Every structure is written in C-alpha cells, then in structure tokens.
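Student: I would like to go through this model with you, one question at a time.

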Amino acid sequence: MTDSNSTFSTDLLTWYAHNKRSMPWRSDRPNPYHVWISEIMLQQTQVAAVKPYFRRWITEFPHVGALAEADQEEVLKLWEGLGYYSRARNLHKAAIMVMRDFGGVMPNTLTDLRKLPGVGAYTAGAIGSIAFGLDVPVVDGNVKRVLARVFEIDTAINTPAGEKEIWALAETLVPAGQAGDYNQALMDLGATVCRPKNPMCLLCPVKDSCQAQAQGLQQQLPVKKKKKPVPHYDVAAAVITHAGKILLAQRPQDKLLGGMWEFPGGKLEAGETMEVALAREIQEELAMEIAVGEHLITVGHAYTHFKITLAAYACTWLAGAPQAIECADWKWVTIAQLGDYPMGKVDRTIAAMLQSQAD
Ligand code: SF4
C-alpha cells in the first residue's frame, strides 16, 4: 500500500470509529447469519427500508435452521414489499444448503460463500470481511462512487472495464486485519458524506486524499455510461369472482416475482384491446373462458428493466375448469384471505382496493 493510500484508509477508519451508523445487524461481535441477511436485504434497497424487515425476519427466523425449515410462501410473505423477490427465494435455498452441506454453520471462506445462491462477489466480500475478518474488499455503488472521486477514475463505473479497475484498486486499499470496519466505513461514507449529488466535501474525513475535491471534479465523477431507456408495457389483470371467492394464480418459480400470487392476466399484444387481451391470457394461462366486465383500477409500476401500466377488470367465469397451464398453481380465496398470500406491489394495491370496498 502506498503512503497516500494508507492515509486514506487510516483517516477513514478514524472517522468510522466516531461516526458509524447504528444498525440492528452491527455489533462488536457480528453474527454471520445476521450479516448475511442484512447484506442480501441491502442489495438495491435503502438502509431505512431494510431495518424493520430485518427485525421482523430475525424474530421469525432467528437462525439459519429456522429459515431452512420454513415454507417458501412464509419467506416470501415476510419479504413482501422489499422487492427483488429472487433474493428471498435464494436466501431460503441457501439456508437449506447451509444445513445440508455445511452442517448448519455459515461458511467462512469466499469460495464457500460464493456457493450459496444469491451470494456474488460483493456479498461474499461483505460477509467474509465483516463476519469472519477476511482481508477482502467490497465494491458496491457507494464504494465505486467514493473511489472514482478520491482516485480520479474516469472509466465509466457501470461498464466491465470500470468494474475491473475499481476492484483492482479496492484490493490494494484494504488495511490488514481491519477489512470489516474499513469496508463498512467506505459504505457509510458513500451513503452519508460522499453522496451522489452535493457531496459534503468540507466535512469529509478523506478530503486531503481526494483528487475530485482538489480539482473540483465532484460533479463530473463518477463517469457513468447512459443506460438504454426501459420499455413500457400495457398489462391487463382479471379479478375473477365466483361464489363469493376470487381467483388467484401463482407465478412460475423461474419468472419475475416467482412464487408470488397475482390476479391473472398478461401483456397486450399489438392491436388488442384490454378486454380481448385479458380473455386470451386467461384462456392461455388457466384454460378458462371469462366475461370481462367493469374497469376497477389502473396501476403503474417500474421494475428494473421495464415499466408497466396495469388495468384490472372485474370478470366472471363462463366455462372451463381452471388448470395451471402457464402458472404454478391457482386458488379461489375470500377477500379476507387476500392478505395471507405474498404479492408484488401492483397486485397488493388491487387486493387492498378490493378489501377497502368490502369493508
Ligand atoms: Fe467525496 Fe468530497 Fe470526500 Fe472527495 S472530498 S470523497 S468528493 S465527499
């Protein structure tokens, strides 16, 4: 490590000792299971949103064995609202793997951590350094921004070349024996001081090492390659009622929101009206013939790679017994039972509207 790199790490650690954010998973003796759960929850999600989910999770599944024994539906229900549901499915699969292949003990090497579903280079580094004291770096969005500014990296950070450059630099900065605190310090600095807009340079503990600060490049760094605009789809959903119950379909495991429940439906094809699309989708998905009635609600939502505008319609069942053709399962449920089934945001909005109308 060069002298200036060592000054950067030392200044950061000194600042962290007095300014670390209080989090329910942080402790002087970190619990590897807690660190793992928190790091998965924190992917793509803000700390404030994660805290209540983390507390509920640890109450419900206090150790890896409890998680392994749970039903997937229980796991998804507890995760509902956090988004990116593959994280919850992978946590469940990984807990089963820890019990089966690692004797119920969290693995403590990067190689074994990477074997767990949902654990990539970043998460393995975070668990390895924080929970097991391994001298390894972590690189997430916050870390990339800080390092690009401090070390004036002008390769776009959201490209493979930029990733590679930052990881290579990050490897050289980890202070031996203090990687856990150092990595968390870097994450905290990015979240609270070296913010994307308006970084607080005057208060920054590493300002004397920072090239962006020295040259007034804070707004130019990090460089990012523009992403393609995300596509938009019109989607129709059916609230099919029969004998006082509503039909829910379960999404296939390998699709977006896999294992979650929804009001069945799908995307409009070119030239279709909502009504025509809905009747076709329900036939394809469940082999049912329906009559499409009044419009109930329209909900917009942005996923990672696309946006949707979904319109839900009241529908009645005309013919054909439901069959799980393009869904994993189906169920007739009462309005009161809608809350028992894990759903994504859009379907939960429809369910909440139905429940409020029934009250
Ligand atoms: Fe970020 Fe400013 Fe600190 Fe540099 S001096 S690391 S730009 S907050």
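**Two domains and a ligand site**

Tutor: In this predicted model, the centres of domain 1 and domain 2, taken over C-alpha atoms, are separated by 37 Å.

Student: Where does the domain assignment of the protein chain place domain 1 and domain 2?

Tutor: The assignment divides the protein chain into two stretches. Domain 1 covers 3-215, and domain 2 covers 232-358.

Student: Which three residues supply 45% of the area that domain 1 buries against domain 2?

Tutor: Nine residues of domain 1 are in contact with 17 residues of domain 2, and the two domains bury about 960 Å² between them, with 46% of it on carbon and sulfur atoms. On the side of domain 1, the three that contribute more than any other three are Glu73, Glu80 and Tyr85.

Student: Which residue forms a salt bridge with Glu80?

Tutor: Across the interface of domain 1 and domain 2, the rule finds one salt bridge. For the salt bridge of Glu80, the closest N and O atoms are 2.6 Å apart, and the partner is Arg348.

Student: How many residues of the shell around the ligand are charged?

Tutor: The ligand takes up the space of the largest cavity, and the residues around the ligand include Arg149, Lys207, Cys194, Cys201 and Gln213. The shell divides into seven nonpolar residues, two polar ones and, as the number asked for, two charged.

Methods. Residues numbered from 1 in each chain as written. Predicted model: local features only at pLDDT ≥ 70, side-chain atom pairs only at ≥ 80, totals over all residues. Heavy atoms only, no water. Near = heavy atom within 4 Å. 1 Å grid on protein atoms, 1.4 Å probe; cavity = no way out; pocket = protein on both sides within 12 Å on 5 of 7 lines; lining within 4 Å. Sits in = over half its atoms within 2 Å of the grid points. Nonpolar A, V, L, I, M, F, W, Y, C, P; charged D, E, K, R; others polar. Domains from an automatic or database assignment. Contact = heavy atoms within 4.5 Å. Buried area = accessible area lost by both parts, 1.4 Å probe. Salt bridge = Lys/Arg side-chain N within 4 Å of Asp/Glu carboxyl O.
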